Amino acid sequence: MSSVNKVILVGHLGRDPEARSFQNGGEIVNMSVATSERWKDRASGEQKERTEWHNLVIMNEGLVKVAKQYLRKGSKVYVEGALRTRKWQDNAGNDRWSTEIVLGAFNSTLVLLDRREADPGRTDYSSYGDTRGGAAGGTASAGAGSTRGSFSDDLDDDVPF
């Protein structure tokens, strides 16, 4: 039986991406993304909000470059990655666990949802080489301007009632 480990988040960065280099020339980026849900409390009628913080680790070379160049605290992003829990020891020798969303070499996506003045059409940076265009690129418009027909185009047909 096969299994799936996929996490999809849309949220805002809580701090600037933090890049670390390794002796072998590799690099990773750590960042945190906040997701929020809002609701109206039935008893009091007041608006409530709950924010969850998610630790992200980017290990894909192309996505590392994108994160370092374009992302800042407050940036809105769409990410697809895998959930990973790792065990480590703190300075006192106690075992600790961290759960992270990892954007690795395959099946990871980073989409910048904020419009940038310099290149407003370039928003999708996928790490897998499908029709989106390769290891660290591709263009996808966030919203209008798609070349495919939209739902409203289908409604132009004559309706028999």
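This report describes a buried residue, a set of salt bridges and the pairing of some strands in a predicted model.

**Around M31**

M31 lies in strand β3, which covers residues 27–40. Its relative accessibility is 0%, so M31 counts as buried. Leaving aside residues up to four places away in sequence, M31 touches L13, R15, P17, H54, N55, L56, I58 and L71. P17, one of these contacts, is 14 residues from M31 in sequence, and the C-alpha atoms of the two are 4.9 Å apart in space.

**Salt bridges**

Side chains of opposite charge can pair when their charged atoms come close. The structure holds eight salt bridges. Among them are the pairs in this table, each with its N to O distance.

| Basic residue | Acidic residue | N to O distance |
|---|---|---|
| R50 | E37 | 3.1 Å |
| K87 | D95 | 3.4 Å |
| R96 | D90 | 3.1 Å |

R50 and E37 meet through their side chains in a salt bridge. This pair links distant parts of the chain: R50 belongs to strand β4 (residues 47–58) and E37 to strand β3, with the two 13 residues apart. R50 has a relative accessibility of 42% and therefore counts as partly exposed. E37, at 43%, also counts as partly exposed.

In the bridge between K87 and D95, K87 counts as exposed because its relative accessibility is 54%, and the cut-off for exposed is over 50%. D95 has a relative accessible area of 36%, so D95 is partly exposed.

For the bridge between R96 and D90, is D90 buried or exposed? D90 is buried, because its relative accessible area is 19% and buried means under 20%. R96 is partly exposed, with a relative accessible area of 39%.

**Strand pairing around β6**

Strand β6 covers residues 95–103. How do β5 and β6 pair, parallel or antiparallel? Strand β5, made up of residues 76–89, pairs with β6 in the antiparallel sense over eight bridges. One of the positions along this pairing is Q89, whose bridge partner in β6 is D95. D95 is also the residue that forms a salt bridge with K87.

β5 and β6 form a hairpin, and five residues lie between the two strands. In the turn, G93 has a positive phi of about 85°.

Strand β6 is also joined to β4, by three bridges, and these two strands run parallel. Here V57 stands opposite V102 in β6.

How values were computed: Residues are numbered from 1 along each chain as its sequence is written. This is a predicted model: local features need pLDDT of at least 70, side-chain atom pairs count only at pLDDT 80 or more; totals for chains, interfaces and linings use all residues. Side-chain values use heavy atoms; hydrogens and water are left out. Helices (H or I, at least four residues) and strands (E, at least two) are DSSP runs, numbered from the N terminus. Buried means under 20% relative accessible area, exposed over 50%, partly exposed in between (1.4 Å probe, protein chains only). Contact means heavy atoms within 4.5 Å. A salt bridge is a side-chain nitrogen of Lys or Arg within 4 Å of a carboxyl oxygen of Asp or Glu. Two strands pair if DSSP finds at least two bridges between them.
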